[in-house]
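Here's a friendly walk through a structure you may be meeting for the first time. Have a look at the picture, and then we'll go through it piece by piece.

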Amino acid sequence: MHNAQLNRKGGTVNVIQSAMHSVGQHEVLMETSPYGIEKKKLGMWVFIVSDACTFGAFLFAYGYMRVGNPVWGTPFDFASVLNGVVMTAVLLSSSLTMLAAVRASQAGAKLSTKKWLGVTMLLGTIFAALHLKEWFSLIGEGWRLFHNPTGGAAQFGATFFSVTGLHLTHVVSGVIALAFITRGYKQGRYDASHVETAGLYWHFVDLVWMFVFPLMYLMNAH
Amino acid sequence: MSANRELSMSSYVGIGVGLMVIVGVEVVLTYQHLATRTLLFSLLSLACLEAFVAVMYLMHVKYERPILFWTIFPATLFVLILLCYLWPDAFRMASMRLLQ
């Protein structure tokens with residue numbers, strides 16, 4: 001980043017904090033982002049906004065059917081709710097370990113960054129395993145996408161498996177992305193900004209669960 | 001991000017514990033046998049509170065330039081609030097009865 005002076009109509013204009021990027025033999029003068037963040041981080045924010053709208057649409061569709069249906073299935077006993085609380089604690093802990101990884105990467109502590117990213121991936125994997133345990137338990141009881149074994153509204157399976165499945169896909173994708181980030185960071189291809197951008201995604205996955213757990217589990221507990 | 005203004009790691013752990021306490025309150029509310037509408041409103045309110053804390057502190061929006069917040073959140077919230085038009089119809093469906 002350089003400070004540059006431009007002569008314009010006989011006057012001198014100081015362009016402060018402008019970025020001069022060399023492209024081959026040419027120099028391109030670019031303004032810095034008004035957001036003060038890197039483009040990859042801004043891109044992640046745009047993705048998060050679009051994903052928030054996607055999850056919002058799914059959850060509102062579910063809420064519409066849940067509230068409007070007097071014979072909705074409530075398959076979750078206290079053990080399932082407890083399992084959900086443990087899943088929440090695991091995901092929330094993974095957000096904290098992700099924060100630790102981001103801090104370590106910003107401090108240039110490579111070993112510590114790799115350690116915290118590893119712990120985050122482990123917690124994400126535990127979350128996915130607990131989630132699949134809950135799924136198999138429901139499937140074992142006869143719940144399917146379009147079948148309610150208790151004879152009530154059939155939409156419970158469709159909404160539960162689609163919303164939690166979409167979230168689970170995000171968690172698994174996040175773990176895979178973190179594995180790539182860790183590998184790249186280890187090899188020196190990625191830096192702290194990549195870790196921070198991945199962290200943003202991971203916190204978003206945690207944020208979505210804060211809506212999925214009360215709406216999908218607690219609203220359907222007996 | 002202004003790293004020098006950020007919270008310490010122990011403060012973040014405190015925020016995590018606070019979020020878990022809210023989850024605990026949600027579980028307690030679930031077993032109070034509230035009406036569906038009341039339970040939904042209570043759980044959604046608490047979830048929004050959790051989300052606000054997560055966005056501001058865990059996702060560091062509090063420490064970014066305000067323009068980021070004002071560019072992203074009003075538009076997103078507007079979209080999500082528009083979806084709330086669905087609720088009255090859902091409550092209407094819940095009270096519908098078959099005609100004799």
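What follows is a short tour of the chains, the way the helices pack, and a few single residues.

**How far to trust it**

First things first: this is a predicted model. The predictor gives the complex an ipTM of 0.89 and a pTM of 0.86. For chain B, the mean pLDDT is 88, and 91% of the residues reach 70 or more. If you go through chain B element by element, helix α1 (residues 9-30) of chain B comes out with the highest mean pLDDT, at 95. At the other end, helix α4 (residues 86-94) of chain B has the lowest, at 85. A handy rule when reading any prediction: where pLDDT is low, the coordinates should not be read in detail.

**Chain A in outline**

Chain A has five helices and three strands. Follow the sequence and you get the pattern β-β-β-α-α-α-α-α, with the strands leading and the helices after them. Of its 222 residues, 37% count as buried. Looking at contacts in chain A with a separation of 6 or more, 67% are between residues 24 or more positions apart.

**How the helices pack**

Now for the helices themselves. Three pairs in chain A are worth lining up side by side:

| Helix pair | Angle | Axis distance | Residues in the contact, by class |
|---|---|---|---|
| α3(A) and α4(A) | about 160° | 10 Å | twelve nonpolar, nine polar, two charged |
| α4(A) and α5(A) | about 160° | 10 Å | 16 nonpolar, six polar, no charged |
| α2(A) and α5(A) | roughly 165° | 9 Å | 13 nonpolar, nine polar, two charged |

Take α3(A) and α4(A), which cover residues 110-140 and 155-187. With an angle of about 160°, these two helices are therefore roughly antiparallel to each other. The crossing of α3(A) past α4(A) is left-handed. Residues making this contact include A:Leu117, A:Met121 and A:Phe127 of α3(A), and A:Leu168, A:Val172 and A:Tyr185 of α4(A).

Next along, α4(A) packs against α5(A), again at about 160°, which makes this pair roughly antiparallel as well. Here too α4(A) passes α5(A) in a left-handed crossing. On the α4(A) side the contact includes A:Phe160, A:His167 and A:Ile181; on the α5(A) side, A:Tyr201, A:Trp202 and A:Trp209 are among the residues involved.

The α2(A) and α5(A) pair follows suit: these helices are roughly antiparallel, and α2(A) passes α5(A) in a left-handed crossing.

**Where the two chains meet**

How many residues does each chain bring to the contact between chain A and chain B? Chain A brings 38 and chain B brings 37. On the chain A side, α1 (39-68), α2 (78-106) and α5 (192-217) each supply at least two residues. That side of chain A divides into 28 nonpolar, eight polar and two charged residues.

**A closer look at one threonine**

Zoom in on A:Thr88, which sits in helix α2 of chain A. Is A:Thr88 buried or exposed? A:Thr88 counts as buried, because 25 C-beta neighbours lie inside 10 Å and the cut-off for a buried residue is 20 or more. Setting aside neighbours within four places in sequence, A:Thr88 is in contact with A:Trp209, A:Phe213 and B:Val23. So where does A:Arg183 lie relative to A:Thr88? The two residues are 95 positions apart along the chain, and their C-alpha atoms are separated by 27 Å.

**Two histidines with positive phi**

Finally, two residues in chain B. As background, most residues other than glycine have a negative phi. B:His33 has a positive phi, near 55°, and B:His60 has one near 65°. B:His33 is found in the loop between α1 and α2 (36-58) of chain B, while B:His60 lies in the loop between α2 and α3 (66-82) of chain B. Their surroundings are worth setting against each other. B:His33 is exposed, with 6 other C-beta atoms within 10 Å, whereas B:His60 is buried, with 23 other C-beta atoms within 10 Å.

Definitions and conventions. Residues are numbered from 1 along each chain as its sequence is written. Chains are lettered from A and ligands numbered from 1 in the order in which they are written. This is a predicted model: local features need pLDDT of at least 70, side-chain atom pairs count only at pLDDT 80 or more; totals for chains, interfaces and linings use all residues. Axes are lines fitted to C-alpha atoms, for helices over the stretch in contact, and angles run from 0 to 180 degrees between N-to-C directions. Helices (H or I, at least four residues) and strands (E, at least two) are DSSP runs, numbered from the N terminus. Angles under 35 degrees count as roughly parallel, over 145 as roughly antiparallel, 65 to 115 as roughly perpendicular and the rest as oblique. A crossing is left-handed if the near helix is turned anticlockwise from the far one by less than a right angle, and right-handed if clockwise. Two residues are in contact if their C-beta atoms, placed from the backbone, lie within 7 Å. Ala, Val, Leu, Ile, Met, Phe, Trp, Tyr, Cys and Pro count as nonpolar, Asp, Glu, Lys and Arg as charged, and the others, Gly among them, as polar. A residue is buried if 20 or more other C-beta atoms lie within 10 Å of its own, exposed if 12 or fewer, and partly exposed in between; C-beta atoms are placed from the backbone. pLDDT is the predictor's confidence in each residue, from 0 to 100.
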